[in-house]
Amino acid sequence: MNTKYWKNMALGLLVSLVVSGCYGEEDGYQIPDIYKGSWESPKNGATVVGYAPAPISEAKYDAYLNELYITWDGGNDAWEKKNEYVGAEVEFASLLTETKVKRVMISNIGDFGNLTVKRDNGLPNATLNLSRFRTVVVTTKHGARDCRFRSIYVDEAGNKQYSDWTSLSEHLANAEMTQNMDYMAWKEFRERQSNPLKIHFESNSDLRTVEWLYNRYSGADATQEEFRKWYYMDCATMSFEPHNIACDPYENLTFMIKKEQTGGAYAFDYPNHNEGRGIVYPASESNMGSDAWWLLPDMQAVVMHEMGHCVEWMPHKGHYEKKGEDCDKQGYQEGWPDAVKISNGGFFGLATEGQINEYKAAIEKPYKDPQDNKVYVWQIDYNTSGAFMSWLRIYNGDFVRMLPWTVKMDALTNDWSLEYAVKYILKESYPDMSMEDLWNEYVAEVKKFLNNHQ
Ligand SMILES: [Zn+2]
């Protein structure tokens, strides 16, 4: 047991706002009791004196990641309450079913802001610079135009205060601003890297040669460009900003098509840890016509998963073991790269059909002891844990980005579990939530999603 972690948790509980939402108008799927609210909303039209909604300096939407980035104007001296601002409550359409949900979004700046971790690949230490003036909401394109929010403040006496609700569009109109709906974080990453990724392709297959691969993507340059795009899509999901990178970028990637490789793809340090990464990919020669390994979008999904491994930070030890197996490490090792992939819209198996199959398989399993070598259903790796991690962005749009940092935290790295990580990330927003409640809510929404896609 790590005492520092529990001390922080206890402190977090003491100073945390007791926040919960009002879900009276919710429909569609059941919300666990702990999120049902008792805090009173201002009456319709009433102004909360002195607590105007925080001014916005920027709002942009990324249609790849389904992320709405709202940046509050922390540099605005006319905003006299800015020192009291702690976060926002946002009402928005959920990504999976467009169900209207409300979520308190308070970044856990106390633990994550200015966190520095050592890297082992020769890069300088990485420092995470989080801002409480940044909120990321995962929603549909329509939801991004439609959401509303109110600001949460804590005054000098420690009392929480709320602004009135306002819609994003109304707020932007008042400030004479428009929302950028064409933002693509991965493009930003590609343009800002001082050492852009170089990819080298090789093959020992006579059928799936490098030339054969190039022909699929209209030439060598276009192939290079497409794979680079996948890499920077990964980076955009893993990092807070192009200049606030949460992963260890690698400069050289060697993509090796291997005739003798039959057990799927894998990633490894190549030529060594400091210099780059390699991905071995099966040539799969026996199935030249319709092999999913070589068809889009599946090939993209697999390569993005392997690229995730190339930068993945691992905990030393997980909390839950069963029969000598580290359930947490396994669940995270394969789940997180899939969370990155899924956040970009990728499932293995064609488009929606693949997604439906993965969700069906996940919710049929019992919460506890779902299969022989796992304790909890969210430890079943690949798409099961990955889709759940990606869904947890409904509580914090940066959830997938924050997860690797929990792995590197002194307080957690020797006793890591997704459960602890979730508690750590959400402790300012939802100090009392449990994993079982979250999983049950997830299952309820997945069922609604499946009903919508029968
Ligand atoms: Zn993997």
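1. Two residues are taken to be in contact if their C-beta atoms, placed from the backbone, lie within 7 Å. On that basis, Phe227, Trp230, Tyr231, Met233, Asp234 and Met238 of helix α7 meet Gln300, Val303, Met304, Met307, Gly308 and Val311 of helix α8. Sorted by class, this contact of α7 with α8 comprises 9 nonpolar, 2 polar and 1 charged residues. The structure under discussion is a predicted model.

2. As to overall content, the protein holds 14 helices and 17 strands. It has 454 residues, of which 41% count as buried. If one takes the contacts between residues at least 6 apart in sequence, 68% of them join residues at least 24 apart.

3. The geometry of the first helix pair deserves a statement of its own. Two packed helices are described by the angle between their axes and the distance between the axes. Helix α7 spans residues 220–238, and its axis lies 9 Å from that of α8, at an angle of about 55°. Angles between 35 and 65 degrees fall in the oblique class, and α7 is therefore oblique to α8. The crossing of α7 past α8 is right-handed.

4. Helix α8 also packs against a further helix. The axes of α8 (residues 298–311) and α9 (residues 327–343) come within 8 Å of each other and cross at roughly 130°. This pair, too, is therefore oblique. In passing α9, helix α8 makes a right-handed crossing.

5. Which residues bring α8 and α9 together? From α8 they are Ala301, Met304, His305, Gly308 and His309, and from α9 they are Trp336, Pro337, Asp338, Val340 and Lys341. By class, the contact of α8 with α9 has 5 nonpolar, 3 polar and 2 charged residues. Met304 and Gly308 of α8 appear in the contact with α7 and again in the contact with α9.

6. Turning to the strands, 4 of them form an open sheet in the order β7-β2-β1-β11, with mixed pairing. Strands β7 and β11 (180–183) stand at the edges with a single partner strand each, so one side of each has no neighbour in the sheet. Neighbouring strands of this sheet are turned against each other by 25° on average, direction ignored.

7. The pairings within the sheet can be followed strand by strand. Strands of a sheet pair through backbone hydrogen bonds, either parallel or antiparallel. Strand β1 (residues 56–62) pairs with β2 in the antiparallel sense over 6 bridges, and Lys60 stands opposite Tyr69 of β2. Strand β2 (residues 67–72) is joined to β7 by 5 bridges, and these two strands run antiparallel. Here Leu68 has Val137 of β7 as its bridge partner.

8. Is the edge strand β7 largely enclosed or largely open? Of the 5 residues of β7 (residues 134–138), 4 are buried, so the strand is largely enclosed by the rest of the structure. Its place at the edge of the sheet leaves one side without a neighbouring strand.

9. A final point concerns Lys187, a residue of helix α5 (residues 185–192). Lys187 has 17 C-beta neighbours inside 10 Å and so counts as partly exposed; a buried residue would need 20 or more. Lys187 and Tyr232 are 45 residues apart in sequence, while their C-alpha atoms are 7.2 Å apart in space.

Key: Residues numbered from 1 in each chain as written. Predicted model: local features only at pLDDT ≥ 70, side-chain atom pairs only at ≥ 80, totals over all residues. Buried ≥ 20, exposed ≤ 12 C-beta atoms within 10 Å, placed from the backbone. Pairing = 2+ DSSP bridges. Axes fitted to C-alpha atoms, helices over the stretch in contact; angles between N-to-C directions. Parallel < 35°, antiparallel > 145°, perpendicular 65-115°, else oblique. Left-handed = near helix turned anticlockwise from the far one by under 90°. Nonpolar A, V, L, I, M, F, W, Y, C, P; charged D, E, K, R; others polar.
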